[in-house]
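Trainee: I am new to this structure and would like a close look at a single part. Could you walk me through one place where two helices meet?

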Amino acid sequence: MIEDVAADLRDLYVGSQRALNRIMRMHGASYARTKLLMFVDQAEWVRGIDVAETFGVAPRTVTEAIDGLERDGLVRRDPDPVDRRTKRISITPAGRLVIRNSEPARQAFVTEVFGILDPAEMALLRQVLDKLRARVREVDRRSAAQPGVAEDDSAE
């Protein structure tokens with residue numbers, strides 16, 4: 001029973017991400033790219049380490065993602081006047097256009113998928129998800145406290 005629920009949750013996540021990415025790509029960018037562009041857009045500028053910490057990914061993953069966005073003209077890197085080792089990443093007008101074109105598709109997808117739930121079902125789902133997130137944090141804290149356990153920086 002537990003394994004079936006875990007598999008169902010995984011299937012829902014994987015299937016929804018696949019569908020969402022397909023829909024968003026038709027509107028100019030994948031969900032991951034749009035999410036990253038929105039993060040950069042919300043600030044005047046960010047550093048790669050800010051992105052890595054916010055999204056829980058390895059710095060090398062951030063570098064590859066930013067390289068692609070920069071190559072496509074969606075962000076730019078500028079020297080940090082305070083720390084010469086750091087680059088400031090900021091969004092370009094083309095990056096903002098990608099958000100304007102793709103974000104409505106994400107919003108429509110969310111509304112279409114979750115709109116089938118009535119308010120009581122949504123409240124129950126949020127309650128269950130909150131309970132599961134709390135348990136994941138507890139298990140993660142316990143495992144992080146184990147001697148010799150290195151933190152995995154590859155989560156996405």
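Mentor: Here is a look at the packing of helix 2 against helix 3. This is a predicted model, in which local features need pLDDT of at least 70 and side-chain atom pairs count only at pLDDT 80 or more, while totals for chains, interfaces and linings use all residues. Residues are numbered from 1 along each chain as its sequence is written, and side-chain values use heavy atoms, leaving out hydrogens and water.

Helix 2 covers residues 31-41 and helix 3 residues 48-55; helices are DSSP runs of H or I with at least four residues, numbered from the N terminus. Their axes lie 11 Å apart, at an angle of about 125 degrees (axes are lines fitted to C-alpha atoms over the stretch in contact, and angles run from 0 to 180 degrees between N-to-C directions). That makes helix 2 oblique to helix 3: angles under 35 degrees count as roughly parallel, over 145 as roughly antiparallel, 65 to 115 as roughly perpendicular and the rest as oblique.

Helix 2 brings Lys35, Leu36 and Phe39 to the contact, and helix 3 brings Asp50, Val51, Thr54 and Phe55 (contact means heavy atoms within 4.5 Å).

Now look at the rings. The whole structure has 1 aromatic pair. The ring centres of Phe39 and Phe55 are 5.5 Å apart and their planes are at 75 degrees, so the pair is edge-to-face (rings of Phe, Tyr and Trp, for Trp the six-membered one, pair if their centres lie within 6.5 Å; planes under 30 degrees apart count as stacked, over 60 as edge-to-face and the rest as tilted). Because Phe39 lies in helix 2 and Phe55 in helix 3, the pair ties together parts that are 16 residues apart in sequence.

Conventions. Helices (H or I, at least four residues) and strands (E, at least two) are DSSP runs, numbered from the N terminus.
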